[in-house]
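This report considers the surface of a protein and the empty spaces within it. Please keep the structure in view while reading.

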Amino acid sequence: MIAKLIAKRLAIGLLTLLVVSTFIFWAVELLPGDIATEILGQSATPETLQAFRERFGLTDPAIVRYGHWLFSALQGDFGLSLSSQRPIADLIAQRAFNTFFLAAYAAAIAVPLAVGLGVLAALYRGSWLDRFISTSTLAVISFPEFFVAYILILIFAAGLGWFPSLANVTLGMDLGARLYATFLPALTMVLIVMAHMMRMTRAAIVNLLAVPYIEMAELKGLRRSRIIIAHALPNAVAPIVTVVALNLAYLIVGVVLVEVVFVYPGLGQLLVDSVAKRDVMVVQAACLIFAATYILLNMLADVLAILSNPRLLHPR
């Protein structure tokens, strides 16, 4: 049953990715201007422009180029970068690692902190602590990522001087130095996604406090903290797991603005630079990776939600 469910979700995910890849390709095709002229400059001769177009297949019809691009992408070959003439797979490998590292770093802080604050807010529901946690997290999530990033830079980099304002990381950097250099961008992402997870955790636990077995536990004289942690929290896993997985997807695909602010050498920064250079091959590859990651994590959220609630395996 589980294998059939995963296979079904995987098939839907692949179909969705195919549709998304079509939108990505045609959206890039609709960008104004001539790609060859943007890459080579206005001073390039007509012969040079024509040779460039023929080398990268820009003279072929769009549907033919899409077929070639999709077939190569399915094999892991994204072609050559138009601006640097380097294989795109090599170009994005380290950048993708940096992006996933930053997302994992933020998730390692945000998930336990959000669940802990959600349990704490539910434990002291209606108190000043509950109102403070809910209000502060809601206030942070109301601001865009770049605003939160600049505020953190102003306080912790320009004001206190505790952390660097630019997240400079290198290939041979040790883990401690990398964690220190990327703390501010990770903290920005933590503040942005933590509110969703915290509020869902609180709501899921509060909804369970009115069910009969929780009332029976209260009548037996069990402490409220034990009721929430031992009885309510395990049964609130399904919605919590779902919102955590969805926020992990956001951590990866929503990292673009954060990487730009901190000049972090990740996939988002590469995407922005490639758009500025009109390097459409790199733009397509980066967008496809983001889309595949988001679809995969959404599929994971569905599967984990069903696994954590066996009743969903046998819908009526």
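The text below treats a surface patch, then a pocket and a cavity, and lastly one helix. The model is predicted.

**The nonpolar surface patch**

Ten named side chains need not be learned at once; the patch is best approached through its main helix. Helix H7, which covers residues 145-159, supplies 6 residues, the largest share of the nonpolar patch. The patch as a whole has an area of about 960 Å². Its members are Phe-143, Phe-146, Phe-147, Tyr-150, Ile-151, Leu-154, Ile-155, Leu-160, Trp-162 and Leu-257.

Ile-155 serves as an example, being a member of the patch and lying in helix H7. Is Ile-155 buried or exposed, or does it fall in between? Its relative accessible area is 40%, so Ile-155 is classed as partly exposed. A residue must have over 30% relative accessible area to belong to a patch, and Ile-155, at 40%, is therefore above that cut-off.

**A pocket and a cavity**

Rolling a probe the size of a water molecule over the atoms shows where empty space is left. The table sets out two such spaces.

| Space | Volume | Nonpolar lining residues | Polar | Charged |
|---|---|---|---|---|
| Second largest pocket | about 220 Å³ | 10 residues | 1 residue | no residues |
| Largest cavity | about 30 Å³ | 6 residues | 1 residue | 1 residue |

The lining of the second largest pocket consists of Leu-14, Leu-17, Leu-18, Ser-21, Leu-70, Ala-73, Leu-74, Phe-78, Leu-288, Ile-289 and Ala-292. Three helices each give two or more residues to this lining: H1 (2-29), H4 (62-74) and H15 (280-308). The largest share, 4 residues, comes from H1.

How many cavities of 30 Å³ or more are counted? The count comes to 1. Around the largest cavity lie Glu-145, Met-189, Ile-192, Val-193, Tyr-250, Leu-251, Gly-254 and Val-258. The elements that give two or more residues to this lining are helix H9 (183-208) and helix H12 (237-253). Of the elements, H9 gives the most, with 3 residues.

**Helix H14 and the residue after it**

Which residues of helix H14 are buried? In this helix, which spans residues 267-277, the buried residues are Leu-267, Gly-268, Gln-269, Leu-270, Leu-271 and Ser-274. Just after H14 comes Arg-278, whose phi is positive, at about 60°.

Note on methods
Residues numbered from 1 in each chain as written. Predicted model: local features only at pLDDT ≥ 70, side-chain atom pairs only at ≥ 80, totals over all residues. Heavy atoms only, no water. Patch = residues over 30% accessible without salt bridge, like charges linked within 9 Å, V, L, I, M, F, W, Y side chains within 5 Å. Areas by Shrake-Rupley, 256 points an atom, 1.4 Å probe, with all protein chains shown as cover. Salt bridge = Lys/Arg side-chain N within 4 Å of Asp/Glu carboxyl O. Buried < 20%, exposed > 50% of the residue type's maximum accessible area, 1.4 Å probe, protein only. 1 Å grid on protein atoms, 1.4 Å probe; cavity = no way out; pocket = protein on both sides within 12 Å on 5 of 7 lines; lining within 4 Å. Points joined across faces, edges and corners; volume = space filled by probe spheres on them. Nonpolar A, V, L, I, M, F, W, Y, C, P; charged D, E, K, R; others polar.
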